[in-house]
Amino acid sequence: MTHDDMKALEARIDARIDETLDFWIGQLGRLCAQPSISAQGVGIQECAELTATMLREQGFSAEILPTGGSPIVFGESAGKSNRTLLLYNHYDVQPPEPLELWETPPFTLTRVGDTLCARGVSDDKGPLITRMAAVAAVRDVLGELPLRVKYFVEGEEEVGSPNIPGAIDAYKDKFAADGCIWEFGSVDYSGRPEQTLGMRGLCYVELSVETAAMDCHSGLGGSLIPNAAWRLVWALNTIKGPDERIRIPGFYDNALPATARDMEYLAKQPDDAADLLETYGLKGFLLGKSGGVELRRMAVFEPSATINGLDSGYQGPGAKTVLPARASAKIDFRLVPDQTPEEIVPLLRAHLDAEGFEDVAVRYVAGVKPARTDPDDPFVQLSIQAAEDVYGLEPIVAPLIGGSGPLHPFIHVLGVPVVTSGCGYPHSRVHAPNENIRIPDFINGIRHTARIITRFAAM
Ligand SMILES: [Zn+2]
């Protein structure tokens with residue numbers, strides 16, 4: 001297909017997207033009206049069934065695959081070519097609480113001006129509907145899909161996707177594809193689309209120590225009996241110092257540095273240092289950094305150790321002269337490629353033992369491997385160019401973002417390059433009351449996905 005033919009085709013698809021917009025906003029309302037709160041076990045099976053029904057209504061085969069947790073909805077339709085595009089989304093949402101802060105009912109899609117409000121409208125039911133709308137528009141204009149499309153819609157993303165790596169191992173052939181669009185995509189404050197190519201991993205642990213059978217009067221025990229809170233503080237103090245280096249031997253062995261290509265993309269990202277300082281009321285960043293590309297590199301390419309919470313002794317009103325027998329802390333390590341949570345836990349155990357803290361127990365709570373797509377993959381370049389054509393602005397490419405998701409099995413088990421598209425913006429309030437999207441972003445998300453489909457089929 002010539003460049004002009006492709007442009008003409010895309011114009012017809014855009015027109016079809018405009019014609020069908022109200023229908024798809026209606027479908028978004030239908031999906032948002034079904035609560036699906038994985039953390040509370042509310043409406044999960046019902047929402048899986050609704051998602052499967054909606055896919056079948058669009059001519060897809062759809063099945064509900066059991067996992068150890070929420071089921072996966074798998075949809076598939078053949079196309080003109082056997083090249084296969086996999087669409088990853090999730091039908092579960094965060095709890096709507098606190099309810100009193102919602103200005104509209106959380107499970108009723110409500111239009112306010114140019115925005116659509118409901119729990120899940122941005123994360124992640126809106127992006128799922130943009131894909132269904134794009135697939136339908138392409139099919140309507142061409143008469144058939146130009147490639148095979150598969151939907152992978154899971155129902156426990158908001159609780160860490162614990163069963164997804166196992167499900168991908170189990171159904172590897174079913175999910176096989178040549179490229180994948182990840183669940184989310186946004187524009188930044190200035191309207192530039194963001195293209196995310198990787199996510200950090202996570203190793204979540206709880207440290208605990210017990211020094212006595214029960215708490216003790218501090219006058220009786222303070223000079224005699226070991227104090228669990230001090231033991232924990234001393235143990236924590238060996239993990240990281242004010243230089244921000246993590247002191248667990250071997251911790252950095254598999255941590256890959258940013259490449260020259262990564263640094264190019266980081267250099268082109270907007271500098272949001274001033275916004276961050278203002279938002280969080282900070283005087284400065286760690287290590288005296290003030291902004292620029294080095295701050296952006298540090299933000300994602302340096303692994304971190306974060307104390308999430310500490311618990312010991314008495315913190316109520318007044319004084320309670322007590323010597324605590326127990327203390328615990330929750331810690332997350334954000335990992336960079338190619339670190340793994342499985343390797344960090346024994347390193348941490350060996351480190352605590354070597355430092356004399358055999359009494360401090362380590363409990364592994366959860367983990368996700370980091371993963372990233374090669375920025376030079378042709379599918380990635382296709383998605384970036386398609387975004388630039390739709391939004392009219394150069395996309396912001398993030399080689400890695402600070403958060404974590406079940407990206408690793410997609411890239412390393414299914415072997416697919418992964419790109420992003422979606423309909424979010426900085427005030428989408430994901431996970432918070434009054435979650436919302438803007439209708440122009442919804443339209444652009446559909447258009448971007450439609451261009452990925454047509455261009456990937458022609459690639
Ligand atoms: Zn979410």
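**Exercise 1. Strand E7 and its partners**

Task: In this predicted model, find how strand E3 (residues 84-90) and E7 pair, and over how many bridges. Then work outwards to the sheet around E7.

Solution:

Step 1. Start with E3 and E7: they pair in the parallel sense, over three bridges. To see one of these partnerships, look for Leu85, whose bridge partner in E7 is Gly179.

Step 2. Now turn to E18. Strand E7 (residues 179-182) is joined to E18 by three bridges, and the two run parallel. Two positions help you line them up: Cys180 stands opposite Val418 in E18, and Trp182 stands opposite Thr420 in E18.

Step 3. Put these strands into their sheet. The order is E1-E2-E6-E3-E7-E18, an open sheet of six strands with mixed pairing. At its edges are E1 and strand E18 (418-420), each of which pairs on one side only. On average, neighbouring strands here are turned by 20° against each other, direction ignored.

Step 4. Finally, look along E7 itself. Gly179 and Ile181 point one way from the strand, while Cys180 and Trp182 point the other way. Are these residues buried or exposed? All of them are buried.

**Exercise 2. From helix H3 to Gln58**

Task: Say which strands helix H3 lies across, and then describe the surroundings of Gln58.

Solution:

Step 1. Helix H3 lies across E1, strand E2 (72-77) and strand E6 (148-154). Its direction is at about 165° to E1.

Step 2. Follow the chain onwards. Gln58 sits in the loop between helix H3 (44-57) and strand E1 (61-65).

Step 3. Why does Gln58 count as partly exposed? Count the other C-beta atoms within 10 Å: there are 18. A buried residue needs 20 or more and an exposed one has 12 or fewer, so Gln58 falls in between, as partly exposed.

Step 4. Set aside the neighbours within four places in sequence. Gln58 is then in contact with Met132 and Ala136.

Step 5. For a longer view, compare Gln58 with Asp311. They are 253 residues apart in sequence, and their C-alpha atoms are 52 Å apart in space.

**Exercise 3. The four-stranded sheet**

Task: Give the strand order of the open sheet that holds E10, and explain why one side of each edge strand has no neighbour.

Solution:

Step 1. The order is E12-E14-E10-E15, four strands with antiparallel pairing.

Step 2. Look at the two ends of that order. Strand E12 (304-312) and strand E15 (361-368) each have a single partner strand, so one side of each is left without a neighbour in the sheet. Neighbouring strands of this sheet are turned by 15° against each other on average, direction ignored.

Step 3. Zoom in on one pair. Strand E10 (residues 201-210) pairs with E15 in the antiparallel sense over seven bridges, and Ser208 stands opposite Ala361 in E15.

Step 4. Add the helix. Helix H7 (residues 228-237) packs on this sheet and touches E10, E12 and strand E14 (326-335). The directions of H7 and E14 make about 20°.

**Exercise 4. Two helix crossings**

Task: Describe how H1 crosses H14 and how H8 crosses H10.

Solution:

Step 1. A handy reminder: two packed helices are described by the angle between their axes and the distance between the axes.

Step 2. For helix H1 (residues 3-19) and helix H14 (residues 439-458), the axes come within 10 Å and cross at roughly 145°. This crossing is right-handed.

Step 3. Which residues make the contact? On H1 they are Met6, Leu9, Glu10, Ile13, Asp14 and Ile17. On H14 they are Ile443, Ile446, Arg447, Ala450, Arg451, Thr454 and Ala458. Sorted by class, the contact has eight nonpolar, one polar and four charged residues.

Step 4. Repeat for helix H8 (residues 260-268) and helix H10 (residues 292-301). Their axes come within 9 Å and cross at roughly 120°, and the crossing is right-handed. Met263, Leu266 and Ala267 in H8 meet Val293, Arg296 and Arg297 in H10. This contact has four nonpolar, no polar and two charged residues.

**Exercise 5. The two domains**

Task: Find how far apart the centres of domain 1 and domain 2 are, and how many residues touch.

Solution:

Step 1. Domain 1 covers 3-199 + 372-458, and domain 2 covers 201-255 + 303-368.

Step 2. Taken over C-alpha atoms, the centres are 39 Å apart.

Step 3. Six residues of domain 1 are in contact with six residues of domain 2. On the domain 1 side, these are one nonpolar, four polar and one charged.

Definitions and conventions:
Residues are numbered from 1 along each chain as its sequence is written. This is a predicted model: local features need pLDDT of at least 70, side-chain atom pairs count only at pLDDT 80 or more; totals for chains, interfaces and linings use all residues. Domain bounds come from an automatic or database domain assignment. Two residues are in contact if their C-beta atoms, placed from the backbone, lie within 7 Å. Ala, Val, Leu, Ile, Met, Phe, Trp, Tyr, Cys and Pro count as nonpolar, Asp, Glu, Lys and Arg as charged, and the others, Gly among them, as polar. Two strands pair if DSSP finds at least two bridges between them. Axes are lines fitted to C-alpha atoms, for helices over the stretch in contact, and angles run from 0 to 180 degrees between N-to-C directions. A crossing is left-handed if the near helix is turned anticlockwise from the far one by less than a right angle, and right-handed if clockwise.
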